[in-house]
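User: Please take a close look at one part of this model, the negative patch on its surface. I would like to know which residues form the patch, where they sit, and what surrounds them in the overall picture.

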Amino acid sequence: MSRNAKINTLLLLVVAALAVLPLALGLGDHKEEPFTGADAEAETAITELQPDYEPWFSPLYEPPSGEIESALFALQAALGAGVLAYYFGLRRGRRQGAARAGAAGTEAAGTQGVPAAAEADTKTGIGTGTGTGTDAGPGTRTGSDSGAGAASGVRAVDGRDA
């Protein structure tokens with residue numbers, strides 16, 4: 001087992017212990033709602049200290065039960081974690097893609113540190129000949145073609161011909 005696998009297993013066991021131990025030890029059995037959030041605890045403490053306290057704001061939506069409130073909070077946390085995971089995964093993928101493109105460009109160029117797309121791409125070709133031809137009968141053709149041409153181009157960094 002590799003070192004990373006051992007660390008991951010240990011972390012998983014710690015998380016499982018943190019989830020199970022409060023239930024197994026009976027923490028919160030003396031309360032009406034044993035595992036309420038910090039907001040409910042704060043509200044209870046405030047009403048004990050000042051019974052005539054009135055909040056400045058009221059919630060836009062009051063869920064019908066604590067279970068639904070907890071479920072909505074868990075959904076909100078999961079969506080937030082998903083957005084963060086997507087963002088960091090996208091950043092990592094782009095960084096890896098840029099590194100691969102840079103490595104591929106360096107290998108194709110044959111030079112250290114200069115991408116292939118940045119080098120000049122020059123092509124030249126010249127062809128000559130004569131252009132006469134005759135049909136001498138069924139299945140027979142004699143002749144030759146002529147022409148001359150040259151092509152030269154410089155390829156820009158983005159891959160288009162300049």
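Analyst:

**The negative surface patch and its setting**

This is a predicted model, and its secondary structure comes to 3 helices and 2 strands. Read from the N terminus, the elements follow the order α-α-α-β-β. The protein has 162 residues, of which 2% count as buried. Its exposed area is about 14100 Å², with 61% of that supplied by carbon and sulfur atoms. Where contacts link residues at least 6 apart in sequence, 27% of them join residues at least 24 apart.

The patch in question is made up of Asp39, Glu43, Glu62 and Glu69, and it is negative. Two of its members can be described further, beginning with glutamate 43. This residue lies in helix 2, which covers residues 38-49. Glutamate 43 is classed as exposed because its relative accessibility of 56% is over the 50% cut-off. Along the chain, glutamate 43 and proline 55 are 12 residues apart, and their C-alpha atoms are 9.7 Å from each other.

Aspartate 39 is also part of the patch, and its place is in helix 2 as well. With a relative accessible area of 68%, aspartate 39 is likewise over 50% and therefore exposed.

A second surface patch can be set beside the negative one. It is nonpolar, has an area of about 690 Å², and consists of Leu60, Tyr61, Ile68, Leu72, Leu75 and Leu79. One of these residues, leucine 72, belongs to helix 3, which spans residues 66-109. Leucine 72 has a relative accessibility of 40%, so this residue counts as partly exposed, a class that lies between the 20% and 50% limits.

To return to the request: the negative patch consists of Asp39, Glu43, Glu62 and Glu69. Helix 2 holds aspartate 39 and glutamate 43.

Terms used: Residues numbered from 1 in each chain as written. Predicted model: local features only at pLDDT ≥ 70, side-chain atom pairs only at ≥ 80, totals over all residues. Heavy atoms only, no water. Helix = DSSP H or I, 4+ residues; strand = E, 2+ residues; numbered from the N terminus. Buried < 20%, exposed > 50% of the residue type's maximum accessible area, 1.4 Å probe, protein only. Patch = residues over 30% accessible without salt bridge, like charges linked within 9 Å, V, L, I, M, F, W, Y side chains within 5 Å. Areas by Shrake-Rupley, 256 points an atom, 1.4 Å probe, with all protein chains shown as cover. Salt bridge = Lys/Arg side-chain N within 4 Å of Asp/Glu carboxyl O. Lys, Arg positive; Asp, Glu negative; His and termini not counted. Charge placed at Lys NZ, Arg CZ, Asp CG, Glu CD. Contact = heavy atoms within 4.5 Å.
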